Amino acid sequence: MIDFNDQNFDQQVIEADLPVLVDFWASWCGPCQAAGPIIDELAKEYQGKIKMGKLNVDESPQSAGKYMVMSIPTVLIFKDGKEIKRQVGFPGKEGYVKILEEILTNG
Amino acid sequence: MDNQATVYDLLIIGSGPAGLTASIYASRYRLKHLVLGSQLGGAVSWAAEIENYPGFKKISGLELTQKIADHVQSLGAEIENQEVVSLTKNKDFFQIKTANNQIFMAKTVIFASGTQRRKLNIPGEKEYLGKGVSYCTTCDGAFFKEGKVAIIGGSNAAAMGASHLAEFANQVYLIYRKEALRADPIWTQRVQNDPKIKIIYQTNLVEILGDGNKVTGVKLDKVYENQDQLILDGVFIEIGGVPGTDLVGSIGVKLDEKGFIHVEADMRTNIDGIWAAGDVANASGEFQQIITAAAEGALAANSVYKYLSKTKGGVVNEKQH
């Protein structure tokens, strides 16, 4: 699990070779606390296929602003530097798996 | 994991105050049990501040959740962060399947899965979700610093939400369809006295407006200060919950006319071996409080204990102590 932030976002997310899942969260957000451990599990299950990490919107407001994240938890998935999928709210593990499988299948 | 071999005395579905309190009592009754839930704390974890739970003058929902969960775990019970996807009954036991494809068997079930947020179902609501439309003031209030926002609803949660939003935004409109808020007077007075909050009564939203990228305002069903539109940065929807009863419907659990699980005074449902507690059940009417949920969880666990003591050959763990 990687901590993304305003400083390393370009290098870690935009320039990455694999698709990247970014979990936008904050300490005050209840549903984010539910999503966090699920993202941890998924990071292990999809190791080598999809890179995953978290971005604290309180500490990295520029990235949240740039990608218009106005609700958390929000998960964005990037491929080749571009946002290809957005999930607002916590959809449960099933919900995330569905999105990840779709991305791996459809490229 | 080899869960198929284990038969629990009790499976608790839901990890909010009802489910967690049921677990505290179940532990003390030495029932072999497990809590399964997809959101620890349930709706409570969304609350900015709770001021009506005895023993705590003021505590955040997240902190109270953590304290209750610590209490549960200190008694040796496990809380699994798993979503239940099916509930069936074979000859002797209930069988529960989770999103991780794990299967759990139990003699009894307490269903405490709470509610899901009610939606307005108006144009723009879905389109601008996460782009100014939100259902969680504690999560998203901070994105609207110095902005203009509206919050829809008249309950304690709506008034609390308005008050929380006023800590960030410059202007908060609290919009409610009736002529008076249904929040407790202590909350009503607080929002009435907050210079940043304007209450608009007897008004509904017709549409959430946006520029394609984000929310720009709302359209009202009547004129307010000479206009039927408000210019806004965000819209928060706080109009209560709908019970999540899909799982129990398939097994024949009786619901009331509003869709909540019908329970008797001891929290039993019409299905032998299934109890319900908390916001999903109709025990407290629409008075959905943490303390009522906790009390119902305790009652349900007590009923399960009595039931297992009389039937099914007693409880599994009784010999341990």
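**Close-ups of a predicted two-chain model**

**View 1. A:Asp80 sits in the loop between S4 and strand S5 (82-88) of chain A.** Like everything in these panels, this loop comes from a predicted model. The thing to look for is the backbone: A:Asp80 isn't a glycine, yet its phi is positive, at about 50°. Most residues other than glycine have a negative phi. Is A:Asp80 buried or exposed? It counts as exposed, because just 10 C-beta neighbours fall inside 10 Å, and the exposed class takes in residues with 12 or fewer.

**View 2. B:Glu225 is a non-glycine residue with a positive phi, this one in chain B.** Here phi comes to about 45°. The residue belongs to the loop that links strand S13 (215-224) with strand S14 (227-231) of chain B. With 7 C-beta neighbours inside 10 Å, B:Glu225 goes down as exposed.

**View 3. The peptide bond between A:Ile72 and A:Pro73 is cis.** Omega there is about 0°. Most peptide bonds are trans. To find the spot, follow chain A from helix H3 (61-66) towards strand S4 (74-79): A:Pro73 is in the loop between them.

**View 4. Strand S3 (residues 51-56) of chain A is largely enclosed by the rest of the structure.** That's because 5 of its 6 residues are buried. Which strands pair with S3(A)? One of them is strand S1 (residues 2-4) of chain A, which runs parallel to S3(A) and is joined to it by 3 bridges. Strand S2 (residues 20-25) of chain A is another partner, also parallel, with 6 bridges to S3(A). A handy landmark is A:Gly53 in S3(A): A:Ile2 stands opposite it, and so does A:Val22.

**View 5. S2(A) and S3(A) also belong to a β-α-β unit, with helix H2 (residues 30-45) of chain A as its helix.** What is the handedness of this unit? It's right-handed. The two strands in it are the parallel pair with 6 bridges from the previous view.

**View 6. Chain B, pulled back a little for context, has 7 helices and 17 strands.** Its C-alpha atoms fill a box of roughly 70 × 40 × 35 Å along the principal axes. The radius of gyration is 22 Å, which agrees with the value near 20 Å for a compact globule of 321 residues. Buried residues account for 48% of the chain. Of the contacts in chain B with a separation of 6 or more, 62% are between residues 24 or more positions apart. As for confidence, the average pLDDT of chain B is 93, and 95% of its residues score at least 70. The model as a whole gets ipTM 0.93 and pTM 0.89.

**View 7. Helix H4 (residues 156-165) of chain B is mostly covered.** How many of its 10 residues are buried? The count is 10, among them B:Asn156, B:Met160, B:His164 and B:Leu165. What do they pack against? The list runs to H3, strand S9 (148-152), strand S10 (171-175), helix H5 (185-193), strand S11 (197-200) and strand S15 (234-237) of chain B.

**View 8. B:Ser134, in strand S8 (residues 133-134) of chain B, has a contact in the other chain, A:Ser71.** B:Ser134 is buried, with 29 other C-beta atoms within 10 Å; the cut-off for that class is 20 or more. Setting aside neighbours within four places in sequence, its contacts in its own chain are B:Cys139, B:Asp140, B:Gly234 and B:Phe236. B:Glu238 is worth picking out too: its C-alpha is 9.0 Å from that of B:Ser134, although 104 residues separate the two in sequence.

**View 9. Where the chains meet, 24 residues of chain B contact 17 residues of chain A.** On the chain B side, the elements giving two or more residues are helix H2 (61-74) and helix H3 (137-140). Which element gives the most? That's H3(B), with 3 residues. By type, the chain B side divides into 12 polar, 8 nonpolar and 4 charged residues. H3 of chain B also turns up in the view of H4(B), as one of the elements packed against its buried residues.

Technical notes: Residues numbered from 1 in each chain as written. Chains lettered and ligands numbered in written order. Predicted model: local features only at pLDDT ≥ 70, side-chain atom pairs only at ≥ 80, totals over all residues. Contact = placed C-beta atoms within 7 Å. Helix = DSSP H or I, 4+ residues; strand = E, 2+ residues; numbered from the N terminus. Nonpolar A, V, L, I, M, F, W, Y, C, P; charged D, E, K, R; others polar. Pairing = 2+ DSSP bridges. Right-handed = clockwise from strand over helix to strand, strands pointing away. Rg over C-alpha atoms; globule rule 2.2 N^0.38 Å. pLDDT = per-residue confidence, 0-100.
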